[in-house]
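User: I would like to learn how to read this entry, one feature at a time. Please give the general idea and then the case at hand.

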Protein chains: 2
Amino acid sequence: MTLNPDDSRPPYQQLAAALREAIDRGEYPPGAQIPSGSELSTKYGVARATVTSALRLLRADGMIVSRQGQGVFVKSDALEGGTKSKGSPEFIAITERLDELARLVSSLAERVAELELVMPAPVQQDAGPTNE
Amino acid sequence: MTLNPDDSRPPYQQLAAALREAIDRGEYPPGAQIPSGSELSTKYGVARATVTSALRLLRADGMIVSRQGQGVFVKSDALEGGTKSKGSPEFIAITERLDELARLVSSLAERVAELELVMPAPVQQDAGPTNE
DNA sequence: CTATATTTGTACGTATGTATC
DNA sequence: CGATACATACGTACAAATATA
């Protein structure tokens, strides 16, 4: 499988569309693991960075989740028909912002959890008022 | 200005935090143009791709807008009013909530980063459970 | 209108770090 | 410990859009 050089869209968008279609087609059913970045890179004749860019779009669509050391998996509630990939530019922009924000919040939560492990326990204030 | 190698955050997140702080500090006021990718690359000693990654976070925060052939500009609510208000009231409301949330998360990220600098590094437990 | 420089966007190939198996 | 897989980074190159001479 190769990308179409006549397509006006850049390769990473074409690859994203191809993967979306494959998911909708059921080639990668919900919960299944998508081929690794290296495999996709070889299969479609693009660099691994291009695969990463394409997967970022799918992640923004909420169709996949990436787990370091494991792989990339199709989300269980991935919609059929590619409804999420369409919509107004504003919708896409908001979705991407939400995705980045969600990832940032996740990493923040982990960092805070680690900090709490090494933090001395908060000193109990002497019977302070609990109102807000 | 150079990045801190002791910071546990990857360079692109450090750079994003530095740029966020510079914007909040008023070094790049609303509507102003941020130094070009090449300049930031030289100034902070990172690759341009790293600058791009950092700017993607700021874009996710809603702090900047990029215009190909022109540059990257600090987003100004007043400046953006003309083009951004072309959505349904629901879209505008969601965008505003997203903006506030992004700002809150950004401030949280900076506070966590400061805490991590003062805190002792978490010890790696070599006999811990590896399952989840 | 054309040519050139600037800036962002995208892509490539390679390398390293880290998590998981 | 070794193999696999994603995350990140580097440096280079070209395309697209814009501004300017």
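User: How many nonpolar, polar and charged residues does the surface near DNA strand C have?

Analyst: That surface has six nonpolar, twelve polar and three charged residues. A residue is near a strand if one of its heavy atoms lies within 4 Å of it. Ala, Val, Leu, Ile, Met, Phe, Trp, Tyr, Cys and Pro count as nonpolar, Asp, Glu, Lys and Arg as charged, and the others, including Gly, as polar. Before going on: this is a predicted model, where local features need pLDDT of at least 70 and side-chain atom pairs pLDDT 80 or more, while totals for chains, interfaces and linings use all residues. Residues are numbered from 1 along each chain as written, chains are lettered from A and ligands numbered from 1 in the order written, and side-chain values use heavy atoms, without hydrogens or water.

User: Which residues come nearest to DNA strand C, and which part of the strand faces the protein?

Analyst: There are 21 residues around DNA strand C, and Pro11(A), Tyr12(A), Ala47(A), Thr50(A) and Gly37(B) come nearest. Of the strand atoms within 4 Å of the protein, 75% belong to sugar or phosphate, and the rest belong to bases.

User: What do the polar atoms of Pro11(A) and Tyr12(A) lie close to?

Analyst: A polar contact is a pair of N or O atoms within 3.5 Å; within protein, one must be able to donate a hydrogen and the other to accept it, and sequence neighbours count only if both atoms are side-chain atoms. A polar backbone atom of Pro11(A) is 2.5 Å from a phosphate oxygen of DNA strand C. For Tyr12(A), a polar side-chain atom lies 2.5 Å from a phosphate oxygen of that strand. A base is reached as well: an N or O atom in the side chain of Gln68(B) is 3.4 Å from a base oxygen of DNA strand C.

User: Which elements supply at least two residues of this surface?

Analyst: Helices (H or I, at least four residues) and strands (E, at least two) are DSSP runs, numbered from the N terminus. H1 of chain A, together with H3, strand S2 (64-67) and strand S3 (71-74) of chain B, each supply at least two residues near DNA strand C.

User: Which residues come nearest to DNA strand D?

Analyst: Among 21 residues around it, Pro11(B), Tyr12(B), Ala47(B), Thr50(B) and Gln70(B) come nearest. Sugar and phosphate make up 79% of the atoms of DNA strand D within 4 Å of the protein. Polar side-chain atoms of Tyr12(B) and Gln70(B) each lie 2.7 Å from a phosphate oxygen of this strand. From chain A, a backbone N or O atom of Gly37(A) lies 2.9 Å from a phosphate oxygen of DNA strand D.

User: How many salt bridges are there over all chains?

Analyst: A salt bridge is a side-chain nitrogen of Lys or Arg within 4 Å of a carboxyl oxygen of Asp or Glu. The count is six over all chains. In one of them, Arg20(A) and Asp61(A) meet at 2.1 Å, N to O. Arg20(A) lies in helix H1 (residues 11-25) and Asp61(A) in helix H3 (residues 48-61) of chain A, so the pair ties together parts 41 residues apart in sequence.

User: Is Asp61(A) buried or exposed?

Analyst: Buried means under 20% relative accessible area, exposed over 50%, and partly exposed in between (1.4 Å probe, protein chains only). Asp61(A) is buried, and Arg20(A) is too. In chain B, Arg20(B) forms a salt bridge with Asp61(B), with the closest N and O atoms 2.1 Å apart. Arg20(B) has 5% relative accessibility, so it counts as buried, and Asp61(B) is buried at 4%.

User: How far apart are Arg25(B) and Glu21(B) in helix H1 of chain B?

Analyst: They are four residues apart, so about one helical turn separates them. Arg25(B) and Glu21(B) form a salt bridge, the closest N and O atoms being 2.7 Å apart. Arg25(B) is exposed, at 58%, whereas Glu21(B) is partly exposed, at 39%.

User: Which way do the residues of S3(A) point?

Analyst: In a regular strand the side chains alternate between the two faces of the sheet. In S3(A), Gly71(A) and Phe73(A) point one way, Val72(A) and Val74(A) the other, and all are buried. Two strands pair if DSSP finds at least two bridges between them. S2(A) and S3(A) run antiparallel and are joined by four bridges, with Ser66(A) opposite Val72(A).
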